[in-house]
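Visitor: I've got a model up on my screen and I'd like a guided tour. Can you take me through it?

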Amino acid sequence: QVQLVESGGGLVQAGGSLRLSCVASGLFLKDYTTGWFRQAPGKDREFVASISRDYSKYSADSVEGRFTISRDNAKMMVYLQMNSLKPEDTAVYYCAAGDRFGADASFYRYWGQGTQVTVSS
């Protein structure tokens, strides 16, 4: 059974930083593209960042230069380092794993339950 479990969310002031972690089990992480998505209250889920099997990276324009995605296949971990946080970054953040690299949520087969990030002004 595949599981993705996020952690590291919380409450932070604007301008601060958080590091989200996602641990995978039940699959070989090295065989999958992994990504982060987020969903704010009343809004659709949106793409944040993705990292491919060969470590290519792609980020949404809204987080480019502030957020960095990384992965450690040996530890079965995916990370999202978030710096210079803004109130509009407030959302539930989801880790995902899939077969194709990119921003389309349909590319991702497996999803975590999410972790809440709240940025106060």
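Guide: Sure, and let's start with a term: a polar contact is a pair of N or O atoms within 3.5 Å; within protein, one must be able to donate a hydrogen and the other to accept it, and residues adjacent in sequence count only if both atoms are side-chain atoms. This is a predicted model, where local features need pLDDT of at least 70 and side-chain atom pairs count only at pLDDT 80 or more, while totals for chains, interfaces and linings use all residues. Residues are numbered from 1 along each chain as its sequence is written, and side-chain values use heavy atoms, with hydrogens and water left out.

Visitor: Which side chain has a polar contact of 2.5 Å with arginine 38?

Guide: Arginine 38 sits in strand β4 (residues 33-39); strands (E, at least two residues) are DSSP runs, numbered from the N terminus. One polar contact of its side chain, at 2.9 Å, goes to aspartate 89. The 2.5 Å one goes to glutamate 46.

Visitor: Is arginine 38 buried or exposed?

Guide: Buried means under 20% relative accessible area, exposed over 50%, and partly exposed in between (1.4 Å probe, protein chains only). Arginine 38 comes in at 5% relative accessibility, so it counts as buried.

Visitor: How far apart are the sulfur atoms of cysteine 22 and cysteine 95?

Guide: A disulfide is a pair of cysteine sulfur atoms within 2.5 Å, and by that rule the count is one. It links distant parts of the chain, with cysteine 22 in β3 (residues 18-25) and cysteine 95 in β9 (residues 91-98), 73 residues apart. The S-S torsion is about -80°, so this disulfide is left-handed. As for the sulfur atoms, they are 2.2 Å apart.

Visitor: Which strand gives the most to the largest nonpolar core?

Guide: A nonpolar core is a set of buried Ala, Val, Leu, Ile, Met, Phe, Trp, Tyr and Cys residues joined through side-chain atoms within 4.5 Å. The largest has 34 residues, and those with the most contacts inside it include Trp36, Leu80 and Tyr93. Strands β3, β4 and β8 are among those that each supply at least two residues. The top giver, with five residues, is β9.

Visitor: What is the bridge partner of phenylalanine 67 in β8?

Guide: Two strands pair if DSSP finds at least two bridges between them, and β7 and β8 do so in the antiparallel sense over six. Five of the six residues of β8 are buried, so this strand is largely enclosed by the rest of the structure. Within β8, phenylalanine 67 has as its bridge partner methionine 82.

Methods. Helices (H or I, at least four residues) and strands (E, at least two) are DSSP runs, numbered from the N terminus.
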